[in-house]
Amino acid sequence: MPSQSTMTPSAGVATDLQAFLRNHDARIHEELFDFLRIPSVSAKAEHNADTKRAAEWVRSALEKIG
């Protein structure tokens, strides 16, 4: 593996991203599956509240990350 001094900035970002994903894999999957369980992709009127709940979930997730 190249030393830190010979790595390009993008290589360092890729390494940091890989480490982040590895360290947070379970949480990321849990949050994604929580979102995917919301039956929000539907043309049926009975899922209007679910569609709104999915939109609120996305808004909240985006607010958490700034």
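Which residues line the largest pocket? I started my notes there, working on a predicted model.

**Entry 1: the pocket**

I listed the lining of the largest pocket. Its residues are Arg-27, Ile-28, Glu-31, Leu-32, Asp-34, Trp-57, Val-58, Ser-60, Ala-61, Leu-62, Lys-64 and Ile-65. I then looked up the volume. The space in this pocket is about 310 Å³.

Next I asked which helices supply the lining. Two helices, α2 (25-36) and α3 (48-65), each give at least two residues. The biggest share comes from α3, with seven residues.

I also sorted the lining by residue class. Seven residues are nonpolar, one is polar and four are charged.

**Entry 2: the chain as a whole**

I stepped back to the fold. I find three helices and zero strands. Along the sequence the pattern reads α-α-α.

How much of the chain is buried? I get 9% of the 66 residues. I noted the accessible surface as well. The total is about 5700 Å², and carbon and sulfur atoms hold 60% of that.

**Entry 3: a nonpolar patch**

I searched the surface for nonpolar side chains that group together. Leu-17, Phe-20 and Leu-21 form such a patch. Together they have about 270 Å² of accessible area.

I picked out Leu-21 for a check. This residue sits in helix α1, which covers residues 9-23. Is Leu-21 buried or exposed? Neither label fits: Leu-21 counts as partly exposed because its relative accessibility is 41%, and that class lies between the 20% and 50% limits.

**Entry 4: salt bridges**

I counted the salt bridges. The total is five. I wrote up three of them, with the exposure of each partner.

I began with a residue already on my pocket list. Asp-34 belongs to the lining, and the side chain of Asp-34 also meets that of Arg-37 in a salt bridge, at 2.9 Å from N to O. Asp-34 is partly exposed, at 36% relative accessibility. Arg-37 is exposed, with a relative accessible area of 59%.

Then I turned to Asp-50 and Arg-53. Their side chains form a salt bridge with an N to O distance of 3.4 Å. How far apart are the two in helix α3? They are three residues apart, so about one helical turn separates them.

I compared the exposure of these two partners against the cut-offs. Asp-50 counts as buried because its relative accessible area is 16%, and the limit for buried is under 20%. Arg-53 is partly exposed, at 42%.

The third pair is Lys-52 and Glu-56. I read 4.0 Å from N to O for their salt bridge. Both residues lie in helix α3. They are four residues apart, about one turn of the helix.

Which class does each of these partners fall in? Lys-52 is exposed, with a relative accessible area of 54%. Glu-56 is partly exposed, at 34%.

**Entry 5: recap**

I closed with the points to keep. Helix α3 gives the most to the pocket lining. The pair Asp-50 and Arg-53 lies in α3, and so does the pair Lys-52 and Glu-56. Asp-34 is a lining residue of the largest pocket and a salt-bridge partner of Arg-37. Helix α1 holds Leu-21, one of the residues of the nonpolar patch.

Conventions
Residues numbered from 1 in each chain as written. Predicted model: local features only at pLDDT ≥ 70, side-chain atom pairs only at ≥ 80, totals over all residues. Heavy atoms only, no water. 1 Å grid on protein atoms, 1.4 Å probe; cavity = no way out; pocket = protein on both sides within 12 Å on 5 of 7 lines; lining within 4 Å. Points joined across faces, edges and corners; volume = space filled by probe spheres on them. Nonpolar A, V, L, I, M, F, W, Y, C, P; charged D, E, K, R; others polar. Patch = residues over 30% accessible without salt bridge, like charges linked within 9 Å, V, L, I, M, F, W, Y side chains within 5 Å. Areas by Shrake-Rupley, 256 points an atom, 1.4 Å probe, with all protein chains shown as cover. Buried < 20%, exposed > 50% of the residue type's maximum accessible area, 1.4 Å probe, protein only.
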